[in-house]
Amino acid sequence: MDCIFCKIIAGEIPSKKVYEDEHVLAFEDISPRAPVHILLIPKEHIVSAAEINGENSAYVAKIFEVIPKIAEQMGVKESGFRVVTNCGASAGQSVMHLHFHLLGGRSFSWPPG
Ligand code: 5GP
Ligand code: ZN
């Protein structure tokens, strides 16, 4: 399958991993938008948040269990952080494998642009 994140999971493309277990991989974004910018992905190819259902939602729960651990590890648990998933090209999704951005280390405006 021609998916960058599946290749990262398979080790075919290198990444700076910060966390890995049976279901979840987290690694540094190659083009960080904040001092802390981590991507969390399921180890199953789910295209986007639009494809989450009763069969695969456990991956999302697992990812959200990992988020506080990584936030602590990266030193942003107390200072605050943002979790974002872009769904579809018009929302800014460029890699069609479900991922959550964990961003921290600076302040963020709301609402987003
Ligand atoms: P999206 O735009 O789909 O929400 O987010 C995709 C993210 O993946 C972008 O922030 C982009 O910088 C990151 N990205 C794309 N290709 C690679 C890669 O090969 N390695 C890593 N570590 N990040 C990547
Ligand atoms: Zn994939």
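**Ligand 1 and its surroundings**

Let me begin with the residues around ligand 1, whose shell, sorted by class, is made up of seven nonpolar, seven polar and two charged residues. Please keep in mind throughout that what we are looking at is a predicted model, and that the values I quote were computed from it.

In total, 16 residues surround ligand 1, and the closest of these are Asp29, Asn86, Gly92, Ser94 and His101. If you would like to find them on the screen, you could start with Asn86, where a polar side-chain atom lies 2.8 Å from an oxygen atom of the ligand. Ser94 also faces a ligand oxygen atom, but here it is a backbone N or O atom that does so, at 2.7 Å. With His99 we are back to a side chain, since a polar side-chain atom of that residue lies 2.9 Å from an oxygen atom of ligand 1. As for how much of the ligand is covered, on its own ligand 1 has 520 Å² of accessible area, and the protein covers 84% of that.

Where in the protein does ligand 1 sit? It sits in the largest pocket, and two elements of the chain, α1, which spans residues 4-10, and β2, which spans 24-28, each supply at least two residues of the shell around it. Of the elements, it is α1 that gives the most to this shell, with three residues.

Let me now step back from the ligand to the chain as a whole, which contains two helices and five strands. If you follow the elements from the N terminus on, you will read them in the order α-β-β-β-α-β-β. Measured out along the principal axes, the C-alpha atoms fill a box of roughly 35 × 30 × 30 Å. You may ask why a radius of gyration of 14 Å agrees with a compact globule; the reason is that a compact globule with 113 residues would have a radius of gyration near 13 Å, and the 14 Å of this chain agrees with that value.

I would like to finish with a detail of the backbone, which is the cis peptide bond that joins Trp110 and Pro111, with an omega of about 0°. To locate it, look along the segment that comes after β5, the strand at residues 100-104, because that segment is where Pro111 is found.

Notes: Residues numbered from 1 in each chain as written. Chains lettered and ligands numbered in written order. Predicted model: local features only at pLDDT ≥ 70, side-chain atom pairs only at ≥ 80, totals over all residues. Heavy atoms only, no water. Near = heavy atom within 4 Å. Polar contact = N/O pair within 3.5 Å; in protein donor to acceptor, adjacent residues only side chain to side chain. Areas by Shrake-Rupley, 256 points an atom, 1.4 Å probe, with all protein chains shown as cover. 1 Å grid on protein atoms, 1.4 Å probe; cavity = no way out; pocket = protein on both sides within 12 Å on 5 of 7 lines; lining within 4 Å. Sits in = over half its atoms within 2 Å of the grid points. Helix = DSSP H or I, 4+ residues; strand = E, 2+ residues; numbered from the N terminus. Nonpolar A, V, L, I, M, F, W, Y, C, P; charged D, E, K, R; others polar. Rg over C-alpha atoms; globule rule 2.2 N^0.38 Å.
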